[in-house]
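Biologist: I am new to this structure and would like a close look at a single part of it. Please walk me through one pocket and its surroundings.

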Amino acid sequence: MEFGIFDHLDRTGPSLPDFYENRLKIAEAYDRAGFYAYHLAEHHATPLGMAPSPNVFLAALAQRTRRLRFGPMVFVVPLYHPLRLISEICMLDQMSGGRLELSFGRGASPIELAYFGTDPADSQEIYNEAVEVILKGLTSKTLNFRGKHFSFKDVPVELEPLQKPHPPIWYGAHAPDSAARASRKALNIINLDPTPHIRETVASYRKTWQDTKGSAPLPKIGLGRFIVVAETDAQAMRLASRAYRPWFDSFIYLSRLRGRAQTHPRPEEFEPLMERGQGIAGSPKTVRELLAAQLTETGCNYVVGQFAFGDMTLNEALRSIDLFAKEVMPALREIREPAVA
C-alpha cells in the first residue's frame, strides 16, 4: 500500500506569494513523510485552482523535494498546443531526475474550455488527437502526424523524457467502461467518487486486468479522499467542517457565476461528504479504521489524500499530515491486495 496526494491548490487566506510558499512547505512535508506522488488539478478562471499552469508550480515543487513524484491530474489537453506540452513534459522529467507522472483529460468544466475559445463539443476529438501526438513526440526524434485538428511533418524533437518510453500515465476513471479501457492500457487510475461507485469501477478494472493480463502486478488503483487527522474525532471534524466550506465555495464558483450545473457535484457540508465516503476525518485510530474499510470494500491499492484545502492554515495542515504519516500510514502499509467486496 502506498500513499499519494491530490491538490486543487484552491485559494484562501494569505497573499499569493505566501499561499504558494505555504503549499511548497506542505509539499516538503509530503516528501519527508514518504508519500509516493503529488497529483495536481488544473483549473482556470476560478479560485478552485491557483495552478492554471501546473508545470510552473511543479517545476518549483521539483526543486523543493527529493523523492516525491508529481504530476498533473490532469493536463487539460484541449488548452495546450501539443508541441509545447511535449517540450515541457520532457523538461520537467529531466530536471526532476525522472519523477514526473502524466495524466491527460479533455477538461471537466465546459465553462473553462469556452473561456479559451474551445467548443466543449469538440473537446473529446481534440483530446484524442492531441494525446496521440504527445505520445508520438515523447518517443520519436521526428514527429509526423496528420489529423483534423493537428498536422505535423518532419518536426525535429530535440528533447526527450528521462523515463522511457515516457513517464507513467494516470487516468481519472469515473465509470466501469472507462476503467476497463484504462485497464487494457495498463494505466494507473484515481477515483474521487462515493464508495459504492468506486467499488463498481474498480471491479471492472480488476476483471479486465485479469482477463487480459492474468496475474501480472496491478498498476496503482487510487482511492481519492479528503482526509483530516487530529488528536480527537471532535477536533478533526471541527477542522474539516470549517475548512471544507470555503473549498466548496471555490468548487461551485464558476457554475454559480454562470448559472450552470456543477460537474461531479459535491455536498455543501463535510458531514454528508463523509456519509458518501468522500471525506474522512477523525483521530488516527478512526482514520485508520475508515480507510481500511473503504480499501477492503473498493479493492483500491493506493490511498490519495486531499490534506490541504479551504481555509486550513499551514500549521493545521502540517499537523494533520504528520499524524497521518506517523500513526495511519504504517498500519495501512500492511494491506497488500484488498479484495473487491
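Biologist: How many residues line the second largest pocket, and which of them lie nearest its centre?

Modeller: A word first: this is a predicted model. The second largest pocket is lined by 14 residues. Nearest its centre lie Tyr127, Val131, Tyr171, Lys185 and Leu187. The pocket's volume is about 330 Å³.

Now the elements around the pocket. Three of them give two or more residues to the lining: helix H5 (123–139), strand S8 (169–172) and helix H6 (176–184). H5 provides the largest share, with five residues. By type, the lining of this pocket holds nine nonpolar residues, three polar ones and two charged ones.

Take H6 next. After H6 comes a loop, which runs on to strand S9 (188–191) and holds Ala186. Ala186 is not a glycine, yet its phi is positive, at about 60 degrees. Is Ala186 buried or exposed? It falls in between: Ala186 counts as partly exposed because its relative accessible area is 37%, and the partly exposed range lies between 20% and 50%.

H6 also has a helix partner. It packs against helix H7 (residues 195–213) at an angle of about 35 degrees. The axes of H6 and H7 are 8 Å apart. The crossing of H6 and H7 is right-handed. Which residues meet there? H6 brings Pro176, Ala179, Ala180, Ala182, Ser183 and Arg184. H7 brings Glu200, Thr201, Ser204, Tyr205, Thr208, Trp209, Thr212 and Lys213. Sorted by type, the residues of this contact are six nonpolar, five polar and three charged.

Turn to S8, another contributor to the pocket lining. The loop between strand S7 (151–156) and S8 contains Pro165. A cis peptide bond links Lys164 to Pro165, with omega at about -5 degrees. The model has a cis peptide bond between Met73 and Val74 as well, and there omega is about 15 degrees. Val74 sits in the loop between strand S3 (69–72) and strand S4 (75–76).

Ala186 can be set beside Leu9. Leu9 also has a positive phi without being a glycine, and the value is near 55 degrees. Leu9 belongs to the loop between strand S1 (2–7) and helix H1 (16–33). Why does Leu9 count as buried? Its relative accessible area is 0%, and buried means under 20%.

S1 itself holds Phe3. Phe3 counts as buried because its relative accessibility is 1%. Phe3 and Leu332 are 329 residues apart in sequence, but their C-alpha atoms are 9.5 Å apart in space. Leu332 is one of the residues in contact with Phe3, once neighbours within four places in sequence are set aside. Others among these contacts are Phe35, Tyr36, Ala37, Tyr302 and Val303. Phe324, Met329 and Arg333 complete the list.

One last residue is Gln278. Gln278 lies in the loop between helix H10 (270–275) and strand S11 (279–282). Gln278 counts as buried because its relative accessibility is 2%. Beyond its neighbours within four places in sequence, Gln278 contacts Leu192, Asp193 and Pro194. Gln278 also touches Arg225, Phe226, Arg266 and Leu273.

How values were computed:
Residues numbered from 1 in each chain as written. Predicted model: local features only at pLDDT ≥ 70, side-chain atom pairs only at ≥ 80, totals over all residues. Heavy atoms only, no water. 1 Å grid on protein atoms, 1.4 Å probe; cavity = no way out; pocket = protein on both sides within 12 Å on 5 of 7 lines; lining within 4 Å. Points joined across faces, edges and corners; volume = space filled by probe spheres on them. Helix = DSSP H or I, 4+ residues; strand = E, 2+ residues; numbered from the N terminus. Nonpolar A, V, L, I, M, F, W, Y, C, P; charged D, E, K, R; others polar. Axes fitted to C-alpha atoms, helices over the stretch in contact; angles between N-to-C directions. Left-handed = near helix turned anticlockwise from the far one by under 90°. Contact = heavy atoms within 4.5 Å. Buried < 20%, exposed > 50% of the residue type's maximum accessible area, 1.4 Å probe, protein only.
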